[in-house]
Amino acid sequence: MTLLQMLTALTPVLAVFLFLVILRLPATKAMPISLAMTALLAFFVWHVTVIQLSAAVIEGLIIAVSILWIVFGAILLLNTLKKSGALDSIRNGFTQITADRRVQLIIIAWLFGSFIEGAAGFGTPAAIAAPLLVALGFPPLAAVALALIADSSAVSFGAVGTPIIVGVNQGLNEGSALAPVVQEELGGAAIGPYLQEVASTAVFIDLFIGSFIPLMLVIMLTRFFGENRSWKEGFQIAPFAIFAGLAFTVPAFTVATLLGPEFPSIVGGLIGLMIVVPAAKKGFLLPEKVWDFAEADQVKAEAVTGGAMPLWKAWLPYLIVTSLLVLTRIDALPLKGWLREVQVGLRNILGTDITTFFEPFYLPGTVFLVAVLLTALLHRMHVKAVGSVFSQSVKTMAGTAIALGTAVPMVRIFINSGVNSADLLSMPLELADFVSAAAGTNWPLVAPVIGALGSFISGSATFSSMMFSLFQFSVADQIGADPQIVLALQVLGANAGNMICVLNVVAAASVVNLTGKEGTIIRMTLVPMMFYVVMAGVIGFILL
């Protein structure tokens, strides 16, 4: 790979950082420019045909529609709860648990967000947690950035284990069967137990990383959004924050080891909430002084209609969302099969091998829509009020549609660039080959970086593991490392990349009306992402 080819392969990464992070352009401008640069260099340098490029763009647009449906559903639910007065009651309910913003952040972003990640995935946790935090008075930037950082450890088992059950599993295949190098390692054993071991190893390593994410959240909160800009005010709550971290990671590790990768995040989030909320009410491990924002920094509560609403009734829409997400993702129930029967997409786009479909009734966006309609009935909203909520939600989607409608096609060009006349692998695999040759036996330090790169570019931990699992396995085999540990590092790296991936950032920002601030958000989440990646690599290196 020449220098020009390397720069071409890095274009999606470099362009995003240049335009979003350094030049601070809004995503509505940065992503179209990045798409144009990636497409032109793919054509002239990578020698990808116009047909292949066009097919990749069409595929990206179809995927973008599925993501926009999820974002629209989240915005619609938020606006419905504002209109009905439910958010006012929820805000008061959290104040009754504790007035300490640090504890509110841990409960909503870390524990409730982890549970939603386990049930839904697809960037849903930040789209739910961020507006909840804003409703409590958190600054929108703090709500989005910290919700994205919190949505990390749980990602390994998002959407009922999809990143491992689908991502790693499919990523270890060559064609329709396991790659020969994987078959040789398994020695005829089934892939299921091996995936469970990978999941258990990933959470074991994460016990030493993820357990400290709540502490990182609170020190960033007090340092960047507190009146005193103090690290110390965050560290004051360190015992409680680590306690809350372990309240999720220990149950998740237990479930992954005993049951497999489907339910660690769901169970970990639920058990964590059952442990931490009562502890917070009793002031367990909490300092006496309550921490709050300066009055000028707080978001003023928006005017809502309707009288005082009982707390159970206000939370009912979220309970409906959670219940439907869980019920529609359990294989033993027929709902999942019924919802996935309807597919929208194209096969062999423009005569290429590129095929993509999404299942509109199975997406979390549809669950949000059902919850909105039920909420309108349960909260006795007038038809005119519901109509205004729909109208308001559609209007807020314009910038998001532009950003995602260009970001996802850019990603698909990057991933589908393996079909070319330059005798090159796809851009991500060429980059990975180059890095592996340079790293040698230090590969465990690099493996999480590859996983993070995959999530950052593709917008999905599942896609990251699909792209790189076989590559990671092969490198481990070549250097004599344990492939199981290296695959676990791939999974953890994909978790970290989830904090900064453009698609999640754009989606979460749009829900709280922060469109145009995507670069600022990425700058805030970049350091925690690097902490996660470096710690995973160091622990993996020690284990190997």
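Asn513 sits in the loop that links helix H24 (502–511) to helix H25 (518–543). Keep in mind that this is a predicted model. What makes the residue worth a look is its backbone: phi of Asn513 is near 60 degrees, a positive value in a residue other than glycine. Most residues other than glycine have a negative phi. Asn513 counts as exposed because its relative accessibility is 67%, and the cut-off for exposed is over 50%.

Now go to another loop, the one between helix H17 (364–378) and helix H18 (383–395), and you'll find Arg380. Here too phi is positive in a residue other than glycine, with a value near 55 degrees for Arg380. Is Arg380 buried or exposed? With a relative accessibility of 72%, Arg380 counts as exposed, since the cut-off is over 50%.

Here are the two loop residues side by side:

| Residue | Phi | Relative accessibility |
|---|---|---|
| Arg380 | near 55 degrees | 72% |
| Asn513 | near 60 degrees | 67% |

Next, the empty spaces. How many cavities of 30 Å³ or more does the model have? The count comes to three. The largest cavity holds about 50 Å³ of space. If you want to find it in the structure, look for the residues around it: Ser153, Ser156, Phe157, Ala202, Val203, Asp206, Phe248 and Thr249 make up its lining. Helix H10 (191–206) and helix H13 (238–258) each bring at least two residues to that lining, and H10 has the largest share, with three. Sorted by class, the lining of the largest cavity has four nonpolar residues, three polar ones and one charged. Asp206 is the charged residue in that list.

Then there are the pockets. The second largest pocket has a volume of about 450 Å³. It is lined by 18 residues, and those closest to its centre are Phe94, Ile97, Leu273, Val277 and Trp315. Which elements give two or more residues to this lining? They are helix H4 (86–97), helix H5 (101–119), helix H14 (264–281) and helix H15 (311–327). Of these, H15 gives the most, with five residues. As for the make-up of this lining, 15 residues are nonpolar, two are polar and one is charged.

To retrace the tour, you can start at the exposed Asn513, go on to the exposed Arg380, and then look at the largest cavity with its help from H10 and at the second largest pocket with its five residues from H15.

How values were computed: Residues are numbered from 1 along each chain as its sequence is written. This is a predicted model: local features need pLDDT of at least 70, side-chain atom pairs count only at pLDDT 80 or more; totals for chains, interfaces and linings use all residues. Side-chain values use heavy atoms; hydrogens and water are left out. On a 1 Å grid over the protein atoms alone, a cavity is a set of points where a 1.4 Å probe fits but cannot get out, and a pocket is an open set with protein on both sides within 12 Å along at least five of seven lines; lining residues have an atom within 4 Å of a point. Grid points are joined across faces, edges and corners, and a volume is the space filled by probe spheres set on the points. Helices (H or I, at least four residues) and strands (E, at least two) are DSSP runs, numbered from the N terminus. Buried means under 20% relative accessible area, exposed over 50%, partly exposed in between (1.4 Å probe, protein chains only).
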